[in-house]
Amino acid sequence: MRNILVLGGTRFFGKRLVERLLREGDSKVTILTRGRAEDSFGEQVSRLNVDRTDAKALAEAVGDTPWDVVYDNICFSPDEADAAGRIFAGTAKRYILTSSLSVYDSRPEALTEADFDPEVYPLRLGAKEDFNYQEGKRLAETVLLKQDAFPVAAVRIPMVLGTDDYTRRLHFHIEHVREGRPMGIPNTQAAISFIRSDEAADFLYWLGFSQLTGPVNACSDGTLTIGEILSIIEAATGKQAVIEAETADEDMSPFGITESWHMDTTKARSAGFSFLALSDWFPELVTQLNASFGNRE
């Protein structure tokens, strides 16, 4: 029986990861959160309610418990990563950091792990509010991958979608098309990677058994351009998207990138993981979400 700690396991793909760990039945699971969100796990999990940005409180909460795998879904700054490196030194056998496609600058070609190398990136410490999201994730990777107390894999995931997406980014597009509201999209030909929430959880689960270390890209097979996404939504809704290069901030598309931004997953696939085909699940998800709007009318 493995002893697993999940930092951030009460919503979205973090919740799905906990569900996967419990379903397999090969792990004793502890979730660490601030305790502000309820969960449905009951007595199946242990809970540590603490703000992970409080290094002293985090250290006291985890103590000297040995962990086979620590999943860190809520690390957004080098200070948080630095504290984790010190706190889990000697107790974590494997550490999996949820990172992001955002560590990369966009470009036409598929991005490989080598396109951002945290091992040579200049190290700076600071809190979450000291950096934008991209820089915070870059520096969190840099801190954890340069320490040598335990092996680390940094999973670079793109936008995560699903019926349980609390950010409602795909919902935004469906709603705008249904209502005939303009969307700000600077480049309809920009291609982007996605991953489904349960697929992200499956990958994290699999990685807990893998020996892969360092940065690892994880996304569904294939890409979609923003224009293709809107065409799928138009087919599901029976309405035409209204596209403008610029709109009011509240109508600018969360997918409104100026250049293609997608990843190569050769490293993960070569190690044995099979990703879902984006072209298979994305239209199905759009249909599901569109139906959910209809049910509210």
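How many bridges pair strand 1 with strand 4, and in which sense? Strand 1 (residues 2–7) and strand 4 are joined over four bridges, in the parallel sense. The model is predicted.

## The sheet

The open sheet is built from seven strands, and their order is 3-2-1-4-5-6-11. The pairing in this sheet is parallel. Strand 3 (46–49) and strand 11 (214–217) stand at the edges; each has a single partner strand, so one side of each is left without a neighbour in the sheet. From one strand to the next the twist averages 20°.

At one edge, strand 11 pairs with strand 6 (residues 152–157) in the parallel sense, over four bridges. Within this pairing, arginine 156 has asparagine 217 of strand 11 as its bridge partner. Helix 4 (residues 133–146) packs on the sheet and touches strand 5 (95–100), strand 6 and strand 11. The direction of helix 4 makes about 155° with that of strand 5.

## Strand 4 and its partners

In a regular strand the side chains alternate between the two faces of the sheet. Which residues of strand 4 (residues 69–72) lie on one side and which on the other? Val69 and Tyr71 are on one side, Val70 and Asp72 on the other. All four are buried, and both faces of strand 4 are covered.

Strand 4 has pairings with strand 1 and with strand 5. In the pairing with strand 1, leucine 5 stands opposite valine 70 of strand 4. Strand 4 and strand 5 pair over three bridges, also in the parallel sense, and tyrosine 71 stands opposite isoleucine 96 of strand 5.

## Helix 3 against helix 4

Two packed helices are described by the angle between their axes and the distance between the axes. For helix 3 and helix 4, the axes come within 8 Å and cross at roughly 20°. That angle is under the 35 degrees cut-off, so helix 3 counts as roughly parallel to helix 4. The crossing is right-handed.

Helix 3 brings Pro78, Ala81, Asp82 and Gly85 to this contact, where they meet Gly136, Leu139, Ala140, Val143 and Leu144 of helix 4. By class, the contact of helix 3 with helix 4 has six nonpolar, two polar and one charged residues.

## Helix 5 against helix 7

At what angle do the axes of helix 5 and helix 7 cross? The axes of helix 5 (residues 169–179) and helix 7 (residues 226–237) cross at roughly 55° and come within 10 Å. Helix 5 is therefore oblique to helix 7. This crossing is right-handed.

On the helix 5 side the contact involves Leu170, His173, Ile174, Val177 and Arg178, and on the helix 7 side Leu230, Ile233 and Thr237. The residues of the contact of helix 5 with helix 7 divide into five nonpolar, two polar and one charged.

## Alanine 84

Alanine 84 lies in helix 3 (residues 78–87). Is alanine 84 buried or exposed? Its relative accessible area is 0%, which means that alanine 84 is buried. Apart from its neighbours within four places in sequence, alanine 84 is in contact with Arg52, Ala89, Tyr95 and Phe150.

Arginine 269 is separated from alanine 84 by 185 residues in sequence. In space, the C-alpha to C-alpha distance between alanine 84 and arginine 269 is 29 Å.

## Residues with positive phi

Phenylalanine 12 is not a glycine, although it has a positive phi of about 55°. Phenylalanine 12 lies in helix 1 (residues 12–24). With a relative accessible area of 7%, phenylalanine 12 is buried, because buried means under 20%.

Arginine 168 also has a positive phi of about 55° and is not a glycine. Arginine 168 lies in the loop between strand 7 (159–161) and helix 5. The relative accessibility of arginine 168 is 36%, so arginine 168 counts as partly exposed.

## Threonine 225

Threonine 225 is part of strand 12 (residues 224–225). At a relative accessible area of 13%, threonine 225 is buried. Which residues does threonine 225 touch, not counting residues up to four places away in sequence? Threonine 225 touches Thr188, Gln189, Ala190 and Ala191.

Terms used. Residues are numbered from 1 along each chain as its sequence is written. This is a predicted model: local features need pLDDT of at least 70, side-chain atom pairs count only at pLDDT 80 or more; totals for chains, interfaces and linings use all residues. Side-chain values use heavy atoms; hydrogens and water are left out. Helices (H or I, at least four residues) and strands (E, at least two) are DSSP runs, numbered from the N terminus. Buried means under 20% relative accessible area, exposed over 50%, partly exposed in between (1.4 Å probe, protein chains only). Contact means heavy atoms within 4.5 Å. Two strands pair if DSSP finds at least two bridges between them. Axes are lines fitted to C-alpha atoms, for helices over the stretch in contact, and angles run from 0 to 180 degrees between N-to-C directions. Angles under 35 degrees count as roughly parallel, over 145 as roughly antiparallel, 65 to 115 as roughly perpendicular and the rest as oblique. A crossing is left-handed if the near helix is turned anticlockwise from the far one by less than a right angle, and right-handed if clockwise. Ala, Val, Leu, Ile, Met, Phe, Trp, Tyr, Cys and Pro count as nonpolar, Asp, Glu, Lys and Arg as charged, and the others, Gly among them, as polar.
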